[in-house]
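Open the model in your viewer and keep the selection panel at hand. This tour goes stop by stop, saying what to select and what is there.

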Protein chains: 2
Amino acid sequence: MSLDDRKLEVLRAIVEDYVSTQEPVGSRALVERHNLRVSPATVRNDMAVLEEEGYLRQPHTSAGRVPTDKGYRLFVDKLSRIKPLTPAERRAIERFLVGAVDLDDVVHRTVRLLAQLTRQVAIVQYPSLSRSKVRHLELISISTTRLMVVMITDTGRVEQRLVDVPAPLGADDVVELRAAMNEALVGRWLTDTPTVVPGLHDQVRPELSGAMASLSTVLLETLVERGEERVTIAGTANLARANMLDFAGSLRPVLEALEEEVIILKLFGQVRQTSAHVRIGDENEFEDLRTTSVVATGYGPRDTMVGGLGVLGPTRMDYPGTIATVRAVARYLGDVLEGS
Amino acid sequence: MSLDDRKLEVLRAIVEDYVSTQEPVGSRALVERHNLRVSPATVRNDMAVLEEEGYLRQPHTSAGRVPTDKGYRLFVDKLSRIKPLTPAERRAIERFLVGAVDLDDVVHRTVRLLAQLTRQVAIVQYPSLSRSKVRHLELISISTTRLMVVMITDTGRVEQRLVDVPAPLGADDVVELRAAMNEALVGRWLTDTPTVVPGLHDQVRPELSGAMASLSTVLLETLVERGEERVTIAGTANLARANMLDFAGSLRPVLEALEEEVIILKLFGQVRQTSAHVRIGDENEFEDLRTTSVVATGYGPRDTMVGGLGVLGPTRMDYPGTIATVRAVARYLGDVLEGS
DNA sequence: GACTGGCACTCACCGTTTCGGAGTGCCAGC
DNA sequence: GCTGGCACTCCGAAACGGTGAGTGCCAGTC
């Protein structure tokens with residue numbers, strides 16, 4: 001059964017009103033605020049149908065209607081137009097990176113900007129190592145048996161690890177190791193390293209094979225296999241704004257979920273570069289986030305995607321505005337990364 | 001006017017009961033739970049005196065008593081004995097750093113452990129650059145006119161910055177710059193760099209003085225003067241636990257304050273290595289934190305102090321337990337830093 | 001057939017009231 | 001100086017009733 005245009009219009013109006021007032025919306029108020037050219041009674045009939053179809057629900061008998069997750073979904077997919085950014089927002093986005101000194105700085109500024117513009121919790125994932133190429137590897141000798149390996153990627157990430165080597169190394173040894181590693185890895189995708197690294201062993205003098213083995217292990221285990229993803233979060237205070245009206249009672253589980261890096265990373269799992277991915281309430285995999293919605297998208301230079309960013313807030317959020325902001329910030333961040 | 005022993009004992013009992021029950025405590029309940037060898041009426045008289053002196057207050061006439069900030073202060077200073085850690089806590093502290101790969105990892109594990117043990121918001125400051133010495137400076141050429149400078153300190157911090165130089169540099173030039181910088185700076189306190197860096201200019205060939213100037217600027221401006229301090233926070237979800245009973249109404253301002261790095265850093269301003277520094281309610285400089293208490297201490301190898309750590313929670317907190325935990329974690333973290 | 005006006009009904013919300021109990025302050029007596 | 005007793009206060013929970021927004025349904029109109 002399909003819904004005719006007026007019913008859709010009614011749904012749209014209800015979502016908009018509910019988002020802005022935070023209160024169940026009734027038929028009379030609806031016809032007054034939007035100029036639907038029908039009477040409240042007609043709207044009531046439409047609402048009854050929409051409720052039967054699962055797009056609306058009543059908090060209690062004889063109260064106004066509230067959109068369900070399914071209702072929001074329909075709204076987002078079919079009924080909302082992208083809301084253009086205000087000039088002020090546009091300006092903020094264009095200026096937020098002036099004077100950034102390195103990738104950390106860029107990411108932090110981005111996440112704060114996003115939190116401020118959307119008034120929600122903002123999340124920015126660092127450029128994923130698995131979508132980056134090695135730009136340079138540096139070995140720095142800390143003591144004769146301890147090295148620091150610093151890896152720089154084309155996306156600007158800098159990761160360092162301490163490595164203990166089995167036998168003391170001289171300065172020449174370090175130079176040789178460094179040369180061999182750079183020779184083999186620079187320009188490669190990080191995802192290729194597992195196939196390349198084993199071969200490194202043969203590229204150095206036999207005396208150094210022990211050291212090279214330690215380096216390889218660290219490289220693979222701590223950079224490629226785990227710890228490769230990082231995220232930053234800002235704006236958690238925004239959760240406490242519409243105090244307790246959203247988030248049925250407690251926002252504790254939400255705050256807990258936000259501290260679990262694993263959970264957060266999964267939010268970006270299905271994100272693609274093009275357009276924004278919206279997950280509403282129940283659609284979220286994690287129990288604790290069933291009262292929230294996530295608007296996420298990918299970012300990266302040109303048409304590539306090196307990481308994700310997005311916001312999290314109550315299901316009752318301004319989807320068109322949020323989507324527009326998230327996309328704009330993502331696009332701008334991508335452009336900036338291109339330049340570095 | 002001084003308080004006799006029994007009055008102090010009464011105050012102690014009230015603080016303990018209130019902390020564990022979260023409810024105003026009355027005279028009858030008090031004599032029953034603690035074996036004060038007097039009648040409720042006597043306790044009432046003592047309470048009246050304690051209230052007059054500002055150590056207690058009544059939420060309303062004819063309710064039980066609640067400690068004031070001043071009451072907690074007296075309790076912390078005079079009435080509480082350090083509570084020894086449980087074996088489980090001790091074990092947790094000894095194991096939490098097994099397998100840490102670098103300083104970031106150490107700091108993150110520490111902050112999570114502290115949040116878990118105290119069930120409060122935990123804050124760990126990275127070793128301060130101003131209390132660190134330069135261990136090594138590395139220059140990595142990104143392009144002919146762009147360098148990355150990586151600084152490693154004796155406390156394990158690694159900071160990197162991009163530097164654009166005015167004229168293209170060859171490999172030899174980079175080597176010369178690196179040598180000059182390391183020569184001048186390794187082993188120095190970071191706070192000494194402003195006096196040393198200007199002299200660097202003369203240590204390289206004239207052709208390189210432009211590049212050296214750029215490097216010097218970045219070194220001084222972005223490493224020494226600003227951005228030198230970093231903190232990590234965990235356990236914000238703990239704020240939402242005793243939901244709204246502490247934090248008079250909203251925890252939003254608290255969450256906001258926690259996101260302001262500047263505010264957080266000031267919490268460690270007066271902290272010294274020895275013992276824990278406790279700031280209770282009103283004693284906090286920042287308006288938004290007047291409903292919270294902070295227990296902080298310094299940490300560092302041996303008797304030095306390189307950074308601070310602590311927890312933040314409602315004024316109604318288990319001070320003896322929290323103080324013990326904070327100190328134990330700080331001591332252990334100091335030991336670990338010594339070894340790296 | 002679609003829309004509308006009218007009408008009876010429901011039920012959350014709000015302010016008022018009542019009531020019990022925990023707790024106090026005070027006082028007289030030991 | 002401590003204690004038992006007593007009158008008093010006041011919060012909090014429960015009970016109550018009125019109000020109004022909102023609904024569902026139905027008969028009538030275009």
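**Stop 1: DNA strand D**

Select DNA strand D and the residues around it: there are 21, and the closest are A:Gly26, B:Val38, B:Thr42, B:Thr61 and B:Ser62. Keep in mind throughout that this is a predicted model.

Now colour by element. Three helices each supply at least two residues of the surface near DNA strand D: α2 (27-33) and α3 (40-52) of chain A, and α3 (40-52) of chain B. Pick out α3(A), which gives the most to this surface, with 4 residues. Recolour by residue class. The surface near DNA strand D shows 10 polar, 8 nonpolar and 3 charged residues.

**Stop 2: DNA strand C**

Move the selection to DNA strand C. Around this strand lie 21 residues, and A:Val38, A:Thr42, A:His60, A:Ser62 and B:Gly26 come nearest. Which elements give two or more residues to the surface near DNA strand C? They are α3 of chain A, with α2 (27-33) and α3 of chain B. Here α3(B) gives the most, with 4 residues. By class, the surface near DNA strand C has 8 nonpolar, 10 polar and 3 charged residues.

**Stop 3: α1 and α4 of chain B**

Hide the DNA. Select residues 5-21 and 69-79 of chain B, which are helices α1 and α4. Their axes come within 10 Å and cross at roughly 110°. At that angle, α1(B) is roughly perpendicular to α4(B). The crossing of α1(B) with α4(B) is left-handed.

Show side chains next. From α1(B), the contact uses B:Leu8, B:Leu11, B:Arg12 and B:Val15. Facing them in α4(B) are B:Gly71, B:Tyr72, B:Leu74, B:Phe75 and B:Leu79. Sorted by class, the residues of this contact are 7 nonpolar, 1 polar and 1 charged.

**Stop 4: α7 and α8 of chain B**

Stay in chain B and select residues 171-185 (α7) and 193-200 (α8). The two helices pack at an angle of about 145°, with their axes 10 Å apart. Left-handed or right-handed: what is the crossing of α7(B) and α8(B)? It is right-handed.

Display the residues that meet. α7(B) brings B:Ala180, B:Met181, B:Ala184 and B:Leu185. α8(B) brings B:Thr193, B:Val196, B:Gly199 and B:Leu200. This contact has 6 nonpolar and 2 polar residues, and no charged ones.

**Stop 5: the sheet of chain B**

Switch to cartoon view. Chain B has an open sheet of 5 strands, in the order β7-β3-β10-β9-β8, with antiparallel pairing. Look at the edges, where β7 (231-234) and β8 (277-280) of chain B stand. Each has a single partner strand, so one side of each is left without a neighbour in the sheet. From one strand to the next, the twist averages 15°.

Zoom in on β3 (residues 121-125) and β10 (residues 307-314) of chain B. These strands pair in the antiparallel sense over 4 bridges. Label B:Val124, which stands opposite B:Leu309 in β10(B). Then add helix α6 (residues 103-118) of chain B, which packs on the sheet and touches β3, β7 and β10 of chain B. The direction of α6 makes about 150° with that of β3(B).

**Stop 6: the sheet of chain A**

Go to chain A. An open sheet of 5 strands here has the order β7-β3-β10-β9-β8, with antiparallel pairing. Its edge strands are β7 (231-234) and β8 (277-280) of chain A, and each pairs on one side only. On average, neighbouring strands of this sheet are turned by 15° against each other, direction ignored.

Select β3 (residues 121-125) and β10 (residues 307-314) of chain A. They run antiparallel, joined by 4 bridges. For a landmark, label A:Ile123, whose bridge partner in β10(A) is A:Gly310. Lying across β3, β7 and β10 of chain A is helix α6 (residues 103-118), which runs at about 150° to β3(A).

**Stop 7: where the chains meet**

Bring both chains back. How many residues of chain B are in contact with chain A? There are 25, and they touch 25 residues of chain A. On the chain B side, select β4 (134-143), β5 (146-153), β6 (158-164) and α10 (252-259), each of which supplies at least two residues. Colour that side by class to finish: 12 residues are nonpolar, 6 polar and 7 charged.

Key. Residues are numbered from 1 along each chain as its sequence is written. Chains are lettered from A and ligands numbered from 1 in the order in which they are written. This is a predicted model: local features need pLDDT of at least 70, side-chain atom pairs count only at pLDDT 80 or more; totals for chains, interfaces and linings use all residues. A residue is near a molecule or strand if its C-beta atom, placed from the backbone, lies within 6 Å of it. Ala, Val, Leu, Ile, Met, Phe, Trp, Tyr, Cys and Pro count as nonpolar, Asp, Glu, Lys and Arg as charged, and the others, Gly among them, as polar. Axes are lines fitted to C-alpha atoms, for helices over the stretch in contact, and angles run from 0 to 180 degrees between N-to-C directions. Angles under 35 degrees count as roughly parallel, over 145 as roughly antiparallel, 65 to 115 as roughly perpendicular and the rest as oblique. A crossing is left-handed if the near helix is turned anticlockwise from the far one by less than a right angle, and right-handed if clockwise. Two residues are in contact if their C-beta atoms, placed from the backbone, lie within 7 Å. Two strands pair if DSSP finds at least two bridges between them.
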